[in-house]
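Colleague: Hi! Could you walk me through this one when you have a minute?
Modeller: Happy to, let's put it on screen.

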Amino acid sequence: MLELENLSVKYKTSNKWNLKNINFHLEKGQLVVFAGKSGSGKSTLAQAILGLIPKFVPAEIRGKILINGVSIEQLSRLDLIRTIGYIPQYPSDFITNMLVEEEIAFPLENLSFPRTVIQERISETVKVTEVEHLKDRIMTELSSGEIQRVELCSSLVSYPSILVLDEPMARIDPASEIKIAETLKKLSEKGHLVIVFEHRLDYLFSLADKIYFIENGTIIKSGKSNELISELTGVDLPEIYLLAEKLGVKKSLQSEDGKKELIESILN
């Protein structure tokens with residue numbers, strides 16, 4: 001469904017390649033995580049998949065990005081909007097309406113959908129994302145985690161086959177992280193290709209169907225979670241204690257061996 005062939009990206013302001021020879025093939029029904037430290041190339045890869053690079057962000061791009069075998073260069077902006085739902089790293093910066101229901105409806109109103117269809121889709125997506133109780137709230141009154149879920153709901157109303165989230169776990173509390181992770185897994189099981197760019201893997205790690213580790217613009221490792229435990233030493237796990245406590249796992253994190261043992265216990 002989504003395929004990258006030898007993708008390389010270099011910003012006009014940079015003297016080095018920010019992404020180098022990225023290759024992968026992803027299918028519907030998968031929850032896929034691209035993990036790495038800040039500056040590793042995650043956001044650049046997300047923007048390339050969305051078509052923001054090089055159309056809106058000046059950059060040199062080599063290689064191919066294909067959706068269902070078609071290059072994104074051949075897809076119109078409307079095609080991309082209908083195919084890919086996007087939740088940015090700072091969703092609160094992109095709020096366009098005061099009321100939650102209006103915020104969710106905005107993408108469909110922008111596409112001139114009939115009001116009856118908009119209402120039907122809102123009713124469906126608020127249930128899937130579990131934000132029914134927020135429908136009549138004001139956006140400025142919501143917590144960061146609630147905003148994240150509302151924006152996820154808003155991205156779903158156009159029925160995109162692909163969902164792209166840029167660091168959805170940033171600036172939200174552990175309870176919201178768990179809820180977001182569980183919702184994303186549920187969406188993948190409903191047939192969406194869910195792609196998450198994130199370095200906080202506390203609650204996503206064991207749910208992901210596949211994980212790619214990015215370092216200096218290159219994919220250095222990929223596989224299932226239980227195959228990549230040894231690669232977690234460089235990934236941020238600030239809330240691992242809470243997850244361990246939630247699952248009744250008691251292991252020491254005083255050493256890297258202790259961390260690996262804890263993660264293995266959680267996965268099992």
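Modeller: One term before we start: a residue is called buried when its relative accessible area is under 20%, and exposed when that area is over 50%. Also, keep in mind that this is a predicted model.

Colleague: Thanks. With that cut-off, how many residues of α1 are buried?
Modeller: Seven of the nine residues in α1 are buried, so the helix is mostly covered. The buried ones are Lys42, Thr44, Leu45, Ala46, Ala48, Ile49 and Leu50.

Colleague: And what comes just after α1?
Modeller: Gly51 follows, with a positive phi of about 85°.

Colleague: Let's go inside. How many residues does the largest nonpolar core have?
Modeller: The largest nonpolar core has 32 residues. Leu2, Phe24, Phe34 and Leu45 have the most contacts inside it.

Colleague: Which elements give two or more residues to that core?
Modeller: On the strand side, they are β1 (2–11), β2 (19–26), β3 (31–35), β4 (59–67), β7 (162–166), β8 (193–198) and β9 (210–215). The helix α1 (42–50) is on the list as well.

Colleague: Is there another core apart from that, and what is in it?
Modeller: Another core, of 26 residues, lies apart from the largest one. Leu152, Leu156, Val196 and Phe213 are among its members.

Colleague: Back to Phe34. What is in contact with Phe34, leaving aside its neighbours within four places in sequence?
Modeller: From the earlier part of the chain, Phe34 is in contact with Phe24, Leu26, Lys42 and Leu45. Further along, its contacts include Ile195, Val196, Phe197 and Glu198, and also Tyr212, Ile214 and Ile219.

Colleague: Now helices. At what angle do α6 and α7 pack?
Modeller: Helix α6 (residues 144–156) and helix α7 (residues 174–189) pack at about 15°, and their axes are 9 Å apart. That angle makes α6 roughly parallel to α7. Their crossing is right-handed.

Colleague: Which residues meet there?
Modeller: From α6 you have Gly145, Gln148, Arg149, Leu152 and Leu156. They meet Ser176, Lys179, Ile180, Thr183, Leu184 and Leu187 of α7. By class, this contact has five nonpolar, four polar and two charged residues.

Colleague: What about α4 and α6, how do they cross?
Modeller: The axes of helix α4 (residues 100–110) and α6 cross at roughly 35° and come within 7 Å. This crossing is right-handed too. On the α4 side are Val100, Glu103, Ile104 and Pro107, which meet Val150, Glu151, Cys153 and Ser154 in α6. That contact divides into five nonpolar, one polar and two charged residues.

Colleague: Changing topic, backbone oddities. Where is the cis peptide bond?
Modeller: A cis peptide bond joins Ile53 and Pro54, with omega at about 5°. Pro54 sits in helix α2 (residues 52–55).

Colleague: Which residue in the loop between α6 and β7 has a positive phi?
Modeller: Tyr159, which lies in that loop, has phi near 55° although it is not a glycine.

Colleague: Is the side of things there buried or partly exposed for Tyr159?
Modeller: Tyr159 is partly exposed, with a relative accessible area of 38%.

Colleague: And what about Asn216?
Modeller: Asn216 has a positive phi of about 50°, again in a residue that is not a glycine. You'll find Asn216 in the loop between β9 and β10 (218–223). Its relative accessible area is 54%, so Asn216 is exposed.

Colleague: Great, thanks for the tour!

Note on methods. Residues are numbered from 1 along each chain as its sequence is written. This is a predicted model: local features need pLDDT of at least 70, side-chain atom pairs count only at pLDDT 80 or more; totals for chains, interfaces and linings use all residues. Side-chain values use heavy atoms; hydrogens and water are left out. A nonpolar core is a set of buried Ala, Val, Leu, Ile, Met, Phe, Trp, Tyr and Cys residues joined through side-chain atoms within 4.5 Å. Buried means under 20% relative accessible area, exposed over 50%, partly exposed in between (1.4 Å probe, protein chains only). Helices (H or I, at least four residues) and strands (E, at least two) are DSSP runs, numbered from the N terminus. Contact means heavy atoms within 4.5 Å. Axes are lines fitted to C-alpha atoms, for helices over the stretch in contact, and angles run from 0 to 180 degrees between N-to-C directions. Angles under 35 degrees count as roughly parallel, over 145 as roughly antiparallel, 65 to 115 as roughly perpendicular and the rest as oblique. A crossing is left-handed if the near helix is turned anticlockwise from the far one by less than a right angle, and right-handed if clockwise. Ala, Val, Leu, Ile, Met, Phe, Trp, Tyr, Cys and Pro count as nonpolar, Asp, Glu, Lys and Arg as charged, and the others, Gly among them, as polar.
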